[in-house]
Protein chains: 2
Amino acid sequence: MASEAGEKPESGSKLVMATKPQSWVLPMLRLLAFSATASAALVMALNKQTKTFVVATIGNTPLKATLTAKFQHTPAFVFFVIVNGMASLHSLLMLAVDFIGPKYDIIGLRFLVIAILDMLNVALLSGGASAAAFMGQLGKNGNSHARWNKICDKFDTFCDHGGGAMIASFIGLALLMIITAISINKLKNQFNNCVVP
Amino acid sequence: MASEAGEKPESGSKLVMATKPQSWVLPMLRLLAFSATASAALVMALNKQTKTFVVATIGNTPLKATLTAKFQHTPAFVFFVIVNGMASLHSLLMLAVDFIGPKYDIIGLRFLVIAILDMLNVALLSGGASAAAFMGQLGKNGNSHARWNKICDKFDTFCDHGGGAMIASFIGLALLMIITAISINKLKNQFNNCVVP
């Protein structure tokens with residue numbers, strides 16, 4: 001549909017007009033990506049579980065110790081929160097640029113800059129989500145070779161919430177990849193109705 | 001320089017000609033990225049350290065145990081090797097496309113496909129390198145909250161080689177990001193000497 005409309009050299013064809021028919025798809029995808037990454041960042045940032053363990057028993061009195069699992073204890077989860085927050089901000093900013101941008105686009109570099117920024121955000125988000133996923137896998141299964149015991153059997157709620165945040169982040173990553181592909185394609189569509197001399 | 005040359009609507013201007021002056025930069029960057037990711041994959045894949053520890057002493061006879069640190073023991077490092085291998089293959093393939101592509105480019109989608117593939121490879125490589133980096137940080141410093149002890153004090157050579165592989169991988173990632181930005185820009189330059197009706 002979109003490319004058909006773009007190929008016809010119509011009368012009032014400005015550069016921006018070529019991407020008109022699909023103009024609601026990208027903002028909607030950006031909103032979805034924003035909600036996915038924002039919820040991932042929030043869920044992980046608020047992830048905290050306090051648990052009391054019985055360490056020893058003296059006579060009949062149990063000796064208790066209270067341990068807390070926080071996302072701040074693992075560098076990979078801190079990176080995860082930062083990166084998801086940045087991706088959310090990027091989505092909001094690009095939404096604003098989508099609506100306000102056409103008025104202030106001076107030298108026609110807007111689409112190029114958006115595509116490159118999208119690409120950089122894909123890289124960031126992919127790094128954060130992967131690092132958190134592998135760290136979560138270590139927490140869930142442990143690593144017998146390094147003698148690292150699993151901790152998800154003790155902090156089950158912490159692990160469940162973290163897993164949910166990772167799923168949201170990977171959904172956001174997939175959406176951001178699609179968005180980047182659309183952004184790159186826009187750069188091409190921009191010139192769909194121009195003539196090579 | 002390149003964009004100046006592209007803006008002049010010269011006589012024999014084919015679409016492909018617009019990117020001529022910089023045509024040696026991209027293959028060179030791709031070769032560099034290939035060597036960085038390939039060496040990262042190789043160094044990590046061949047990373048193995050066997051060490052004999054004295055576990056106990058019975059009388060005067062020391063009781064020894066031999067432990068081996070391999071990259072296969074950590075899922076993040078396996079992912080790292082796979083992803084770096086894939087990025088190397090991608091670089092080689094794109095080098096081939098750069099040289100052979102112009103002859104077989106039927107519907108003009110070559111630059112679009114290359115840019116999107118580059119973007120996907122950035123995402124993959126970023127995920128692999130970040131996951132390995134955070135796992136390496138855990139091996140180097142441990143995590144007292146989860147009671148995971150550091151292992152780099154015992155397997156120093158293993159950790160040094162792994163760190164080298166990660167540095168190579170991050171250099172490859174930076175190169176691949178620059179390459180992707182150039183690929184995206186090519187999509188725009190392709191139309192530099194065309195006229196909007």
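In what order do the elements of chain A run from the N terminus on? In this predicted model, the answer is α-α-β-β-α-α-α.

**View 1. Chain A, one copy on its own.** Add up the secondary structure of chain A and you get five helices and two strands. Starting at the N terminus, two helices lead into the two strands, and three more helices follow. Chain A has 197 residues, and 45% of them count as buried. If you look at contacts in chain A with a separation of 6 or more, 73% come from residues 24 or more positions apart.

**View 2. Chain A laid on chain B.** A turn of 180 degrees, with a shift of 0.0 Å along the axis, puts chain A on chain B with an RMSD of 0.1 Å. The two copies are therefore related as by a two-fold rotation axis. Both copies use the same surface, too: 100% of the contact residues of chain A turn up again in chain B.

**View 3. The interface of chain A and chain B.** Each side brings its share to the contact, with 47 residues from chain A and 47 residues from chain B. About 4,100 Å² is buried between the two chains, and carbon and sulfur atoms give 77% of that area. Three residues to pick out here are A:Phe134, A:Trp148 and A:Lys188, which supply 17% of the area that chain A buries against chain B, more than any other three residues.

**View 4. Polar and charged features across the interface.** How many salt bridges does the rule find between chain A and chain B? It finds zero. Polar contacts are another matter: eight residue pairs make them between the two chains, with both residues at pLDDT 80 or more. On chain A, the elements giving two or more residues to the side that touches chain B are helix H3 (75-104), helix H4 (110-141) and helix H5 (156-189). H4(A) provides the largest share of that side, 17 residues. Sorted by type, the residues on this side of chain A are 30 nonpolar, 15 polar and two charged.

**View 5. Close-up on B:Ala165.** This residue sits in helix H5 of chain B, which spans residues 156-189. Is B:Ala165 buried or exposed? B:Ala165 counts as buried, because its relative accessibility is 1%, under the 20% cut-off. Leaving aside residues up to four places away in sequence, B:Ala165 touches B:Ala40, B:Val43, B:Met44 and B:Phe80. Take B:Val43 from that list: B:Ala165 and B:Val43 are 122 residues apart along the chain, yet their C-alpha atoms are separated by 5.8 Å.

How values were computed: Residues numbered from 1 in each chain as written. Chains lettered and ligands numbered in written order. Predicted model: local features only at pLDDT ≥ 70, side-chain atom pairs only at ≥ 80, totals over all residues. Heavy atoms only, no water. Least-squares fit on C-alpha atoms with pLDDT ≥ 70 in both. Contact = heavy atoms within 4.5 Å. Buried area = accessible area lost by both parts, 1.4 Å probe. Salt bridge = Lys/Arg side-chain N within 4 Å of Asp/Glu carboxyl O. Polar contact = N/O pair within 3.5 Å; in protein donor to acceptor, adjacent residues only side chain to side chain. Helix = DSSP H or I, 4+ residues; strand = E, 2+ residues; numbered from the N terminus. Nonpolar A, V, L, I, M, F, W, Y, C, P; charged D, E, K, R; others polar. Buried < 20%, exposed > 50% of the residue type's maximum accessible area, 1.4 Å probe, protein only.
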